[in-house]
Amino acid sequence: PIIEARSLSLYYPMPKRAPSVRAVHEVDLEIQQGEVLGLVGESGCGKSSLARIMAGVRQASSGEIRYRGRPLAGLTGKEKIQAKLQIQMVFQDPFASLNPRMNVGEIIAEAPRLFGLIKTDESAFISEQMERVGLDPAYRLRYPHQFSGGQRQRIGIARALAVNPSVLVCDEPVSALDVSIQAQILNLFMDLREQLGLTYLFISHDLSVVRHLADRVAIMYLGRIVEQAPAREIFERPNHPYTQALLAEMPRIVTRQRTFSPVEGELPSPSNPPKGCHFHPRCPKAMPICKEVMPKLEDIDTGHLSACHLNEKTG
Ligand code: SF4
Ligand code: MG
């Protein structure tokens, strides 16, 4: 794997001895070189926190990230900078993540300039980076507010790619965009993957977004991975009742955009998760054991993992 998470947890301490919020709980994840891993779950399930830890943007409470087999935390100096540059992030809201006082050329050239990565003429460098994401280099002196949402996301992608990364961690990169623009940006991600051999951790609340992009899909619920499998398996033979519920709602998700509630019932508070299987209050297949015992994430088929007591039934 090019990047792996080992038993990653993230807790937010709460004031007044309230229970801490477990945003991410003992997550193991591996992404192979050149692979697209789709990470899907409702908002509040911990996927953005996981994304930020994987990208080295924030620290985990425990566990570790390995890049090409080496713990990121153990790297120092030049090696640390190198590894950090190799993993770049694309954010949900490109507008919020772009400095409004910098023009596009400056935004794109800032990090590569800082790290001495521009070997040619800077103007030619910026043109090349803009063209690669489908932006007209003639607009390099314009500011973020002068672009549409889709163009702004292209700027965000160009900025991430300008330091020549191997891995892109994309946190809901199309969910703030109109449906018609979403397809264009998703196509851009696919083209870039082919041209540059990129590896993606691609996060979405929407299974239909990762459908055409992901090689493998991991489903997250209340800070844990509950199912993980090749994309085809997830769509054709979903095992976990939560994945099944997400799939059943898919066509509605597409039309309702961001205000959907994909599964019956509310996502419980991560500061006070239900005992046993966290999904049991909403699960149509819940059994008595589900209220008591947390199911383990286990192999149910080659490369197909699921955390559900239904798989433990012996015949
Ligand atoms: Fe539903 Fe029980 Fe499986 Fe949890 S363990 S998903 S409650 S059947
Ligand atoms: Mg999020």
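**Helix H7 and the shell around ligand 1**

Hi everyone, let's start on the outside: Ser-180, Glu-194 and Gln-195 are exposed (12 or fewer other C-beta atoms within 10 Å of their own, C-beta atoms being placed from the backbone). This is a predicted model, so local features need pLDDT of at least 70 and side-chain atom pairs count only at 80 or more, while totals for chains, interfaces and linings use all residues. Residues are numbered from 1 along each chain as its sequence is written, with chains lettered from A and ligands numbered from 1 in the order written.

On the other side of H7, Gln-182, Ile-185 and Phe-189 are buried (20 or more such neighbours within 10 Å). They share one side of the helix because they cover an arc of only 70 degrees around the axis, taken from the directions from the axis to the C-beta atoms. Those buried residues pack against helix H6, residues 149-161 (contact is C-beta atoms within 7 Å). Helices here are DSSP runs of H or I, at least four residues, numbered from the N terminus. After H7 comes Gly-197, with a positive phi near 65 degrees.

What surrounds ligand 1? There are 14 residues (C-beta within 6 Å), the closest being Cys-277, His-280, Cys-283, Cys-290 and Cys-308.

Now, how far do we trust all this? The protein averages a pLDDT (the predictor's confidence in each residue, from 0 to 100) of 91, and 95% of the residues score at least 70. Do look out for residues 253-260, where pLDDT stays under 50. For the model, ipTM is 0.96 and pTM is 0.91.

Key:
Helices (H or I, at least four residues) and strands (E, at least two) are DSSP runs, numbered from the N terminus. Two residues are in contact if their C-beta atoms, placed from the backbone, lie within 7 Å.
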